[in-house]
Amino acid sequence: MNRTIIDLHILQTVPPSNLNRDDTGSPKTAMYGGVRRARVSSQAWKRAVRLAFGDLLDASQLGERTKRVGESLAARIAALDPDRDGAASSALAADALVAAGLAKVEKKKGETKDAESSYLLFLSRRQLDNIAAYTVETTRAGGTLDKSTLKKLANTDHSVDIAMFGRMLADMADINVDAACQVAHAISVHAVDNEYDYFTAVDDRKHDAAETGAGMIGTVEFNSSTLYRYATINVDALFETLGDAAATRAAVEAFVTAFARSVPTGKQNTFAHRTLPDAVLVRVRDTQPINFVGAFETPIGASDAAGRIRLAACALATHVRDVETAYGELPIRSWVTHVGDNTAALADIAEAVPFQALVTSVGEQVGAALGVPA
């Protein structure tokens, strides 16, 4: 089977917003090309993608990332064994998780709490279902919970989000999952300066004309930007984790859709910043991933003749051509969905199609690589 790498490159303009804050509440930034850029962390956008998966994939194909794994497992045990009350289900869930080495149980003032992980534990819903079923069946038969069996159940039937983004367990490295997908920090193609919005709020019950002033005042920091976003999927690694070609194709299609359409929700109610990309460029390769952020090492500046998005699209198209020609890295296939004339330059380096056709075409390419009939 030939290696299949899918690279996604997105240009997206966002209005005044604070998509991803640092510890002081300021929009995250980064220095690149000698100037300050707006930045949205890969973690923030992966979270947005995982949330979008909920509308694109069946719940059984997804996972839960939580410290409160005991609650989740106890609910499954209670559903399988209705005669067992809540406390007994929680106790049995704790026994299973402790036996597997996945969690610990703390006692406080004589009461036993639900089993909790010391860190966010990422398990697929099918893994939790399987652990619950094994635990109920074993205890009904009077058997002893086996650690190796529990660990095996926690390391099979991986969900799409675990396969895509990986799983790291500090205490059980043998069931870690390598991520099949990598997401870059999105950065603006131009320099930015964060700004401050001073706001006031009126107290609706303040009717005394003599009592002047706002009921509340404050500031919120923001910026606006045209972002370059990049992600890559190793289809072979994804297939190895999921173990099913049709599921792999569905996972890739879901990721392409979710990555393009999702937006982090930081300060969303304040700024209503949700936009769709100006351009989505996909390159399918059989060698290695290539991030084309170098197109914007020299900051893009608007001119009288063209705005930033048009200049950014031209810079990206030129850089892609130059890099691929210099290194002999022509893609196997490439498609682009672009909005209007501003990003039309990208149609010179890829087949221009509507977005749903792009998603379908990528899926068909994955299916062909994995031997799935169209």
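## Note on the predicted model

1. **The main core.** The largest nonpolar core has 49 residues. Ile6, Phe53 and Phe255 touch the most other members of it. Helix 8, residues 245-261, is the element that gives the most to this core, with nine residues. Apart from it lies another core, of 28 residues. Ala74, Ala100, Ala103 and Leu153 are among the members of that other core. As background, nonpolar side chains tend to be buried together in soluble globular proteins. Please keep in mind throughout that this is a predicted model.

2. **Ile6 and its contacts.** Start with Ile6, one of the three residues that touch the most other members of the largest core. Leaving out residues up to four places away in sequence, Ile6 touches Ala231, Thr232, Ile233 and Val235. Val252 is also on the list, as are Val282, Arg283 and Val284. Val362 and Val366 complete it.

3. **The chain as a whole.** The protein chain has 374 residues, and 46% of them are buried. It holds 11 helices and 14 strands. The C-alpha trace spans about 80 × 80 × 35 Å along its principal axes. Take the contacts in the chain with a separation of 6 or more: residues 24 or more positions apart account for 73% of them.

4. **Ser334, a buried polar residue.** Look next at strand 13, residues 333-338, where Ser334 lies. Ser334 counts as buried because its relative accessibility is 10%, under the 20% cut-off. What does its side chain meet? A polar atom of the Ser334 side chain lies 2.9 Å from the backbone oxygen of Val282. The Ser334 side chain also makes a polar contact with the side chain of Arg283, at 2.7 Å. Beyond four places in sequence, Ser334 touches Leu281, Val282 and Arg283, and also Ile349, Ala350 and Glu351. Note that Val282 and Arg283 appear among the contacts of Ile6 too.

5. **Thr257 in helix 8.** Helix 8 also holds Thr257. At 13% relative accessibility, Thr257 is under the 20% cut-off and so counts as buried. Its contacts, leaving aside neighbours within four places in sequence, are Leu56, Phe355 and Val359.

6. **Asp236, buried in helix 7.** Asp236 sits in helix 7, residues 235-242. Is Asp236 buried or exposed? Asp236 is buried, because its relative accessible area of 16% is under 20%. Asp236 and Thr4 are 232 residues apart along the chain. Their C-alpha atoms are separated by 6.4 Å.

7. **Gly213, on the outside.** Gly213 lies in the loop between strand 10, residues 195-201, and strand 11. With a relative accessible area of 54%, over the 50% cut-off, Gly213 is therefore exposed. Gly213 and Val293 are 80 residues apart in sequence. In space, they are 48 Å apart, C-alpha to C-alpha.

8. **The cavity.** How many cavities of 30 Å³ or more does the count give? The count comes to one. The largest cavity has a volume of about 80 Å³. It is lined by 13 residues, and those closest to its centre are Leu19, Ala38, Arg39, Val40 and Asn223. Strand 1 (5-17), strand 3 (35-40) and strand 11 (216-234) each give two or more residues to the lining. By type, the lining divides into six nonpolar, five polar and two charged residues.

9. **Two backbone angles to check.** Most residues other than glycine have a negative phi. Asp157 is not a glycine, yet it has a positive phi of about 55 degrees. Asp157 lies in the loop between helix 5 (147-153) and helix 6 (160-165). Its relative accessibility is 41%, so Asp157 counts as partly exposed. Ala272 is not a glycine either, and it has a positive phi of about 45 degrees. Ala272 lies in the loop between helix 9 (268-271) and strand 12 (279-285). Ala272 is exposed, because its relative accessible area is 63%, over the 50% cut-off.

Methods
Residues are numbered from 1 along each chain as its sequence is written. This is a predicted model: local features need pLDDT of at least 70, side-chain atom pairs count only at pLDDT 80 or more; totals for chains, interfaces and linings use all residues. Side-chain values use heavy atoms; hydrogens and water are left out. A nonpolar core is a set of buried Ala, Val, Leu, Ile, Met, Phe, Trp, Tyr and Cys residues joined through side-chain atoms within 4.5 Å. Buried means under 20% relative accessible area, exposed over 50%, partly exposed in between (1.4 Å probe, protein chains only). Helices (H or I, at least four residues) and strands (E, at least two) are DSSP runs, numbered from the N terminus. Contact means heavy atoms within 4.5 Å. A polar contact is a pair of N or O atoms within 3.5 Å; within protein, one must be able to donate a hydrogen and the other to accept it, and residues adjacent in sequence count only if both atoms are side-chain atoms. On a 1 Å grid over the protein atoms alone, a cavity is a set of points where a 1.4 Å probe fits but cannot get out, and a pocket is an open set with protein on both sides within 12 Å along at least five of seven lines; lining residues have an atom within 4 Å of a point. Grid points are joined across faces, edges and corners, and a volume is the space filled by probe spheres set on the points. Ala, Val, Leu, Ile, Met, Phe, Trp, Tyr, Cys and Pro count as nonpolar, Asp, Glu, Lys and Arg as charged, and the others, Gly among them, as polar.
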